[in-house]
Amino acid sequence: MCGNGRQIMLLTEAVQAAGGVPSALMGRPTCAALAEVMRTQRSITSLGCIGNRVYTGMPDAEFYFALPGRQVEAVVAKLATIVQANQALEGYHRQRLQAIPV
């Protein structure tokens with residue numbers, strides 16, 4: 001999957017909520033991310049190397065996220081709860097920010 005920082009954050013939280021290990025961060029080469037997921041059975045966030053970005057046209061503001069296939073169902077099951085919790089926290093923090101004197 002690919003997404004922006006916020007989307008990858010939510011996926012990483014869902015992995016943890018589903019009992020998985022927090023994702024590792026990987027630089028280049030992007031193509032090694034899948035092999036690493038298969039080897040470790042852990043999720044990986046890949047920054048996306050320049051070769052990948054040239055060939056795919058993926059924007060600089062996006063990253064890749066890969067997880068073992070056996071974890072997909074559990075992560076998807078947790079994702080709605082994680083998204084709702086983050087929405088509630090965002091509202092709380094936005095109100096709190098307004099109360100901070102500038």
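Student: Which residue follows helix α1, and what is the sign of its phi?

Tutor: Gly19 follows α1, and its phi is positive, near 90°. This is a predicted model, in which local features need pLDDT of at least 70 and side-chain atom pairs pLDDT 80 or more, while totals for chains, interfaces and linings use all residues. Numbering runs from 1 along each chain as its sequence is written, and side-chain values use heavy atoms, without hydrogens and water.

Student: What makes α1 a helix, and how does its span compare with the expected one?

Tutor: Helices are DSSP runs of H or I with at least four residues (strands are E, at least two), numbered from the N terminus. The expected span is 1.5 Å times one less than the number of residues, so the 13 residues of α1 (5-17) should span 18 Å; the end C-alpha atoms are 18 Å apart, which agrees.

Student: What polar contact is found at the start of α1?

Tutor: A side-chain oxygen of Asn4 comes to within 3.1 Å of the backbone nitrogen of Arg6. The cut-off is an N or O pair within 3.5 Å, one able to donate a hydrogen and the other to accept it; residues adjacent in sequence count only if both atoms are side-chain atoms.

Student: Why is Ile8 called buried, and what do the buried residues of α1 pack against?

Tutor: Ile8 is among the buried residues of α1, so its relative accessible area is under 20% (exposed is over 50%, partly exposed in between; 1.4 Å probe, protein chains only). The buried residues of α1 pack against β1 (2-4), β3 (44-46), β4 (62-66) and α4 (72-99).

Technical notes:
Contact means heavy atoms within 4.5 Å.
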